[in-house]
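This report starts from a single side chain and works outwards. Keep the structure open while reading.

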Amino acid sequence: MERAAAMYPPTKDAWAAAFLLPTMAMVAVQAGEKNLAIEQLAISAQNPVGVDYGDLKLNPVWDSLRGDPRFDKIVASLAPKEAK
C-alpha cells in the first residue's frame, strides 16, 4: 500500500488532492492500513475542498476507524460550528 501511495506524490492542485487523498484513504482502510488512511484523511481535512464532515460521520467505509482518537479528532475538526 505504501508503494502505491508513493506512486502518487503530493499535488499542489487542490481539486486533484480533494479527490485523490480520500480515495487513497478508502483503499488504505480496505487494505487494513489504518495509519495510512488516517494520515491521508488528516491531510485532506486541511483542504477546503477535501473530505467533509458528513462523509466521515456517516459513510460506513470509515467504520473501522471509528473510536480511534486520531480519526475522531479529524471528524471533530470538520464538525459544523454553531451559529451565534
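Leaving aside neighbours within four places in sequence, Asp55 is in contact with Met26 and Trp62. The model is predicted.

**Asp55 and its surroundings**

Asp55 sits in helix H4. Is this residue buried or exposed? Asp55 has a relative accessible area of 19%. The cut-off for buried is under 20%, so Asp55 counts as buried.

Which side chain of opposite charge is nearest to Asp55? That is Arg66, 7.6 Å away. A salt bridge needs a nitrogen and an oxygen within 4 Å, so this pair does not qualify. Asp55 is thus a buried residue that has no salt bridge.

Asp55 does have polar partners. Its side chain joins that of Asn59 in a polar contact of 2.8 Å. The side chain of Trp62 makes another polar contact with that of Asp55, at 3.4 Å. Trp62 is also one of the contacts named at the outset.

Val75 offers a link to the next element. Asp55 and Val75 are 20 residues apart in sequence. Their C-alpha atoms are 9.4 Å apart in space.

**Helix H5**

Helix H5 spans residues 69-78. Which of its residues are buried? They are Phe71, Ile74 and Val75. These residues cover an arc of only 95 degrees around the axis, which puts them on the same side of H5. A general rule applies here: an α-helix has 3.6 residues a turn, so residues three or four places apart point the same way.

The other side of H5 has a contrasting character: Pro69 and Lys73 are exposed there. What do the buried residues of H5 pack against? Their partners are helix H3 (34-45) and helix H4 (53-58). H4 is also the helix that holds Asp55.

The start of H5 has a polar feature of its own. There, a side-chain oxygen of Asp68 comes to within 2.8 Å of the backbone nitrogen of Arg70. The side chains of Asp68 and Arg70 also meet, in a salt bridge.

**Salt bridges**

How many salt bridges does a search of the whole structure find? The search finds two. Both are tabulated here.

| Positive residue | Negative residue | N to O distance |
|---|---|---|
| Arg66 | Asp63 | 2.8 Å |
| Arg70 | Asp68 | 2.9 Å |

Arg66 has 30% relative accessibility and counts as partly exposed. Its partner Asp63 is also partly exposed, at 45%. Arg70 falls in that class too, with 38% relative accessibility. Arg66 thus pairs with Asp63, while Asp55 lies 7.6 Å from Arg66 and has no salt bridge.

**The chain as a whole**

The protein chain has five helices and zero strands. Read along the sequence, the pattern is α-α-α-α-α. The chain has 84 residues, of which 33% count as buried. Take the contacts with a separation of 6 or more: residues 24 or more positions apart account for 54% of them.

How confident is the predictor, and where? The chain averages a pLDDT of 86. A score of at least 70 is reached by 81% of the residues. Among the elements, H5 has the highest mean pLDDT, 97. Helix H1 (residues 2-7) has the lowest, 51.

Definitions and conventions: Residues numbered from 1 in each chain as written. Predicted model: local features only at pLDDT ≥ 70, side-chain atom pairs only at ≥ 80, totals over all residues. Heavy atoms only, no water. Buried < 20%, exposed > 50% of the residue type's maximum accessible area, 1.4 Å probe, protein only. Helix = DSSP H or I, 4+ residues; strand = E, 2+ residues; numbered from the N terminus. Arc of directions from axis to C-beta. Contact = heavy atoms within 4.5 Å. Polar contact = N/O pair within 3.5 Å; in protein donor to acceptor, adjacent residues only side chain to side chain. Lys, Arg positive; Asp, Glu negative; His and termini not counted. pLDDT = per-residue confidence, 0-100.
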